[in-house]
Amino acid sequence: MAEQALLKVARGSPQAEYRVADEASCGPEDHLLRAEYSIDSPGKPGYCVRPL
């Protein structure tokens, strides 16, 4: 299984790959991320990510 590293960077940074927003703002082209597989986060709302 591959490890994931999600890092917060400035919006204009060349390292930025996605825009992150709350789950309620997800559109059809966005990806929904949920923390349901994390031991301390079941039931928490997800995050919406959109490729830049």
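This is a short dialogue on reading the strands, sheet and surface of a predicted model.

Trainee: Where do I start, and which secondary structure elements does the protein have?

Mentor: Start with the inventory, and keep in mind that the model is predicted. The protein has zero helices and three strands. Read from the N terminus, the elements run β-β-β.

Trainee: How do strands of a sheet pair in general?

Mentor: They pair through backbone hydrogen bonds, and the sense can be parallel or antiparallel. In this structure, the three strands make an open sheet with antiparallel pairing, in the order β1-β3-β2.

Trainee: Why is one side of β1 and of β2 left without a neighbour in the sheet?

Mentor: Each of them has a single partner strand, so β1 and β2 stand at the edges and one side of each has no neighbour in the sheet. As for geometry, the twist from one strand to the next averages 30°.

Trainee: How many bridges join β3 to β1?

Mentor: There are five bridges between β3 and β1, which spans residues 18-22. To find your place in that pairing, look for Arg 19, which stands opposite Arg 50 in β3.

Trainee: And how many bridges link β2 with β3?

Mentor: Three, again in the antiparallel sense, with β2 covering residues 31-33. Here a handy marker is Leu 32, which has Cys 48 of β3 opposite.

Trainee: Let's turn to the surface. Which residues form a nonpolar patch there?

Mentor: The patch consists of Leu 6, Tyr 18, Val 20, Leu 33 and Tyr 47, and together these residues have about 570 Å² of accessible area. You can tie the patch back to the sheet through Tyr 47, which lies in strand β3, residues 47-51.

Trainee: What about the whole protein: how much area is exposed, and what share do carbon and sulfur atoms supply?

Mentor: The exposed area is about 4900 Å², with 56% of it from carbon and sulfur atoms. For burial, take residues under 20% relative accessible area. By that cut-off, 15% of the 52 residues count as buried.

Trainee: Last one: what part of the contacts links residues 24 or more positions apart?

Mentor: Among contacts with a separation of 6 or more, such pairs account for 42%.

Key
Residues numbered from 1 in each chain as written. Predicted model: local features only at pLDDT ≥ 70, side-chain atom pairs only at ≥ 80, totals over all residues. Heavy atoms only, no water. Patch = residues over 30% accessible without salt bridge, like charges linked within 9 Å, V, L, I, M, F, W, Y side chains within 5 Å. Areas by Shrake-Rupley, 256 points an atom, 1.4 Å probe, with all protein chains shown as cover. Salt bridge = Lys/Arg side-chain N within 4 Å of Asp/Glu carboxyl O. Helix = DSSP H or I, 4+ residues; strand = E, 2+ residues; numbered from the N terminus. Pairing = 2+ DSSP bridges. Buried < 20%, exposed > 50% of the residue type's maximum accessible area, 1.4 Å probe, protein only. Contact = heavy atoms within 4.5 Å. Axes fitted to C-alpha atoms, helices over the stretch in contact; angles between N-to-C directions.
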